[in-house]
Amino acid sequence: MSAFAADPDYLTETRRLMADAQAAFERGDLAGSADGFMRVARRHPAAVGGWVQAAAAGLRAGVPLLALTAARRAVLLDPASPSATALLTVASTAEPLAGRHRATALWALTHPGKAEALGALASSYQELGRLREAERAAGDALHADPNMAWVRVNLAVILRESGREREAETELRRAVIAEPGTNLAWRRMAGFAETLSKLELAGRAARRALIIDAEDHVSAVFLSIVERRQGDLEGALHRLQALPEALDGEAGRDAVEFELGTVLDRLGQYDEAWARFEHGNEIAVQRAPSGTADPRLFLNTLNAYERAISDGWPTRWTPLPEAEPPAVFMVGFPRSGTTLLDQILDAHPDARVIEEQPVLSSVGAGFAALGAGTLAERLAALNEADADRLRAEYRAKLARWAGEEGSRPRVVIDKMPLNIVYLPLALRLYPNAKVILSLRHPCDCCLSCFMQSIRLNSAMASFTSMEGAAGFYARVMALWQEIERTLSPDHITVRYEDLVADTEGTARRVTSFLGLDWTDAVLDHTAHAKARGMIRTPSFRQVSEPIYTRAVGRWVRYRDQMAPYLDTLAPYAEHFGYGDPRVIPPGED
């Protein structure tokens, strides 16, 4: 004990400060209470209890930096302290992901067998995308305490992300059995079942969650989606309109606005629908984590690949030995019908579609970001050794989703619409690769992107305004025109409008292009989509329904709102054979 600590006057002052801090807490002055407990801790820096009190007070007061500082000091003094390590985990939630994970791992490490710590560790691994470790930690947590429903719910999410939908559903059923009176598991069951188009189950689960907690707005949104998909548009509209304006968290107000827009569009109330989509996009940008709603990073990559094939650069490419392409590349602009086409092709027994996974995109983005000199210079100077390294990287990433060579179907299709940006690299490595280009009327494409609630990243950020969507479309499709002119890829064009109007004829044309024998199995794409399980694109609801044509020409209903952007889109509409959208056909005005 220090001399100061042994001094009666010093101890008296410490007790006074503690009393003041407690009094501040009792009168509701949480910030004053946290500051007071922090002063006490600093007077006795070797006492773990003081730092624990300060960390807890900082969390109560919503002062994460104070809480984190105090919790770290407590753990340094006593790494085995249950309170200190638990507080450090909670206080680290505002830290970057790596910092949060270190705190959670320390808590689990210093408390082996503690179910809460292992469950938190599983969630942390899940955030990092380390699903195997997440599953193992969740299993350890449930071994320690089988009745922890929230861990079972998280395990279900982990299993779903691993593509094991049946096991995920089993864990959700166990969770609702373990805690039938709490709404978390019911809510997750509702969302999970809706994504698998099990609408009856989704509706029952959402209603059960709302019986438990009538203020469960997430479950209310899920139920409105189920009602809309089952044709009860008025019911869905009334449920959504009853939700409060101030919503945040898992289902923010942006999700409500997008769903309201979708329902109003189906009801023919187009002006109101447009206003809802605009508002939803505005809120989505405000809610997005810092930097995620900035399109410049992806546009810079697009610029680099565009320059790499302009000004005659491909004529300067160093010759490379030919290599057999391990996959077909399906590209286009988002919302151009790629998901419907991929379900049709994936139903073929000799084909497998890798659905929007970072295969070519990660190789292409990495190549653009790393290396000396411009991308054009590096593509031109690419030697055999570097090309082999990039091909090996691509094959390894492909194997993760398609299986090892020899165990996969004869035709593998790497489907990611915006992989169109990385085609210059793909065709540099595999000049003989086959390419499927999905097209849709540019106005419908851009409108659909604008109407869609999506997780924002640099590639998707342009869709939060119609101006951004139209400008992005022009940039992407201008790049395709340059690719077609300079690299002459072996490709087939599939128009969405043809696909929904003549599904069999279009499917026969594509299967023939791919060298596949015809099978009627590809025409039962709806059953295949449901059997396939989770579809990882925003179009999962549409492809689980029979093919419909209501989305063809939808943009015409919004002609007034889209008028400012038609000059941007008109050249591409004409080039791809859709005509000039600025010309109003007789009888349409």
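This is a short tour of side-chain contacts, helix packing and backbone turns to select in your viewer.

The model is a predicted one, so local features need pLDDT of at least 70 and side-chain atom pairs count only at pLDDT 80 or more, while totals for chains, interfaces and linings use all residues. Residues are numbered from 1 along each chain as its sequence is written, and side-chain values use heavy atoms, with hydrogens and water left out.

**Stop 1: aromatic rings**

Select Tyr305 and Tyr422. Their rings form an edge-to-face pair, 5.7 Å centre to centre with 90° between the planes. (Rings of Phe, Tyr and Trp, the last by its six-membered ring, pair if their centres lie within 6.5 Å; planes under 30 degrees apart are stacked, over 60 edge-to-face, and the rest tilted.) Tyr305 sits in helix α18 (residues 296-308) and Tyr422 in the loop between β3 (411-415) and α23 (423-429), so the pair ties together parts that are 117 residues apart in sequence. Helices (H or I, at least four residues) and strands (E, at least two) are DSSP runs, numbered from the N terminus.

Are these two tyrosines buried or exposed? Both Tyr305 and Tyr422 are buried. (Buried means under 20% relative accessible area, exposed over 50%, and partly exposed in between, with a 1.4 Å probe and protein chains only.)

Now add Phe298, Phe333, Phe463, Phe472, Tyr473 and Tyr572 to the selection: together with Tyr305 and Tyr422 they form one aromatic cluster. The structure holds 14 aromatic pairs.

**Stop 2: charges over rings**

Go to Phe25, where Arg60 lies over the ring face at 4.4 Å from the centre. Then pick Tyr430: the charged end of Arg391 sits over this ring, 5.9 Å from its centre. (The test is NZ of Lys or CZ of Arg within 6 Å of the ring centre and within 35 degrees of the ring normal.)

**Stop 3: salt bridges**

Side chains of opposite charge can pair when their charged atoms come close. There are 32 salt bridges in the structure, each with a side-chain nitrogen of Lys or Arg within 4 Å of a carboxyl oxygen of Asp or Glu.

Try Asp265 and Arg554, whose closest N and O atoms are 3.5 Å apart. This pair links distant parts of the chain, with Asp265 in helix α16 (residues 253-266) and Arg554 in the loop between α29 (540-543) and α30 (559-562), 289 residues apart. Asp265 is buried at 5% relative accessible area, and Arg554 is buried at 13%.

Next, select Lys415 and Asp342, a salt bridge with its closest N and O atoms 3.2 Å apart. Lys415 belongs to strand β3 and Asp342 to helix α19 (residues 338-346), 73 residues apart. Both residues are buried.

For another setting, show Asp29 and Arg27, which meet at 4.0 Å, N to O. Here Asp29 is partly exposed at 31%, and Arg27 is exposed at 59%.

**Stop 4: two packed helices**

Return to α16 and show helix α17 (residues 270-287) beside it: they pack at an angle of about 160°, with axes 8 Å apart. Axes are lines fitted to C-alpha atoms, for helices over the stretch in contact, and angles run from 0 to 180 degrees between N-to-C directions. The two helices are therefore roughly antiparallel (over 145 degrees; under 35 is roughly parallel, 65 to 115 roughly perpendicular, and the rest oblique).

**Stop 5: positive phi**

Finish with Arg335, which is not a glycine yet has a positive phi of about 70°. Arg335 lies in the loop between β1 (328-332) and α19, and is buried at 15%.
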